[in-house]
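User: Please take a close look at one short strand of this model and follow what surrounds it outwards, as far as the rest of the chain. I would like a connected account that keeps burial, contacts and pocket lining apart where they do not say the same thing.

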Amino acid sequence: MESMSLADDIKKVVRGEVDVGAEALEKCSRDASLFKVGPEVVVRPLDAADVCAVVTLVNEKKVAEEKLEEGRVHGSKHNVSITARSAG
């Protein structure tokens, strides 16, 4: 069985836009500082329900990661976090 990508997982739970295009990833890789940290996925939620769905999904992946590290489950390891962006 092929594992799903993070973007595919997110697309299943949100109604808003899920973007993995190079332009979106580059645009969201910087803030007003000198640092650059590239995202794997850019999500543009439509509403609070989309935000809640993404937060829930990330939490589930973090719990799965913790269990994997403890040797209690088998599967792929996820290193997922959320960075909120505003003001373009």
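Analyst: **Val42 and its surroundings**

Val42 is found in strand 2, and what follows describes a predicted model. Because its relative accessibility is 8%, below the 20% under which a residue is called buried, Val42 counts as buried. Leaving aside residues within four places in sequence, Val42 is in contact with Glu17, Val18, Asp19, Ala24, Leu25 and Cys28. Ala24 and Leu25, two of these partners, have numbers that fall within helix 2, which spans 22-27.

Two residues from the later part of the chain can be placed relative to Val42 by their C-alpha atoms. The C-alpha atom of Thr83, 41 residues away along the chain, is separated from that of Val42 by 9.7 Å, and for Arg85, 43 residues away, the separation is 9.9 Å. Neither Thr83 nor Arg85 is named among the contacts of Val42. Thr83 itself lies in the segment after helix 3, and because its relative accessible area is 64%, over the 50% limit, Thr83 is classed as exposed.

The largest pocket has a volume of about 1000 Å³. It is lined by 32 residues, and those closest to its centre are Pro39, Val41, Thr83, Ala84 and Arg85. Helix 1 (6-11), strand 2 (42-44) and helix 3 (48-69) are the elements that give two or more residues to this lining, with helix 3 making the largest contribution, four residues. By residue class, the lining is made up of 18 nonpolar, eight polar and six charged residues. Thr83 and Arg85, whose C-alpha distances from Val42 were given above, are thus both among the residues closest to the pocket centre.

Val41 also belongs to the largest nonpolar core, whose eleven residues are Leu6, Ala7, Ile10, Val14, Val18, Val41, Ala53, Val54, Leu57, Val58 and Val80. At least two of these residues come from helix 1, and at least two from helix 3; helix 3 gives the most, with four. Val18 is one of the core residues and is in contact with Val42, although Val42 is not itself listed as a member of this core. In soluble globular proteins, nonpolar side chains tend to be buried together.

Further along, Val58, another core residue, touches Val80, Ser81 and Ile82 once residues up to four places away in sequence are set aside. The next residue, Asn59, lies in helix 3, and its C-alpha atom is separated by 8.8 Å from that of Ser81, which is 22 residues away along the chain. Asn59 is counted as partly exposed because its relative accessibility is 46%, which falls between the 20% and 50% limits.

On the side of strand 2 towards the N terminus, Ser29 lies in the loop between helix 2 and strand 2. Ser29 is buried because its relative accessible area is 5%, and, apart from its neighbours within four places in sequence, it is in contact with Phe35, Lys36, Val37, Gly38 and Pro39. Pro39 was met above as one of the residues closest to the centre of the largest pocket.

How many disulfides does the count come to? The count is zero. Cys28, which is in contact with Val42, is partly exposed because its relative accessibility is 23%, and Cys52 is also partly exposed, with a value of 48%.

To set strand 2 in the whole, the protein chain has three helices and two strands, arranged from the N terminus on as α-β-α-β-α. Of its 88 residues, 25% count as buried. Among contacts with a separation of 6 or more, 45% are between residues 24 or more positions apart.

Conventions:
Residues numbered from 1 in each chain as written. Predicted model: local features only at pLDDT ≥ 70, side-chain atom pairs only at ≥ 80, totals over all residues. Heavy atoms only, no water. 1 Å grid on protein atoms, 1.4 Å probe; cavity = no way out; pocket = protein on both sides within 12 Å on 5 of 7 lines; lining within 4 Å. Points joined across faces, edges and corners; volume = space filled by probe spheres on them. Nonpolar A, V, L, I, M, F, W, Y, C, P; charged D, E, K, R; others polar. Core = buried A, V, L, I, M, F, W, Y, C linked by side-chain atoms within 4.5 Å. Buried < 20%, exposed > 50% of the residue type's maximum accessible area, 1.4 Å probe, protein only. Contact = heavy atoms within 4.5 Å. Disulfide = S-S within 2.5 Å.
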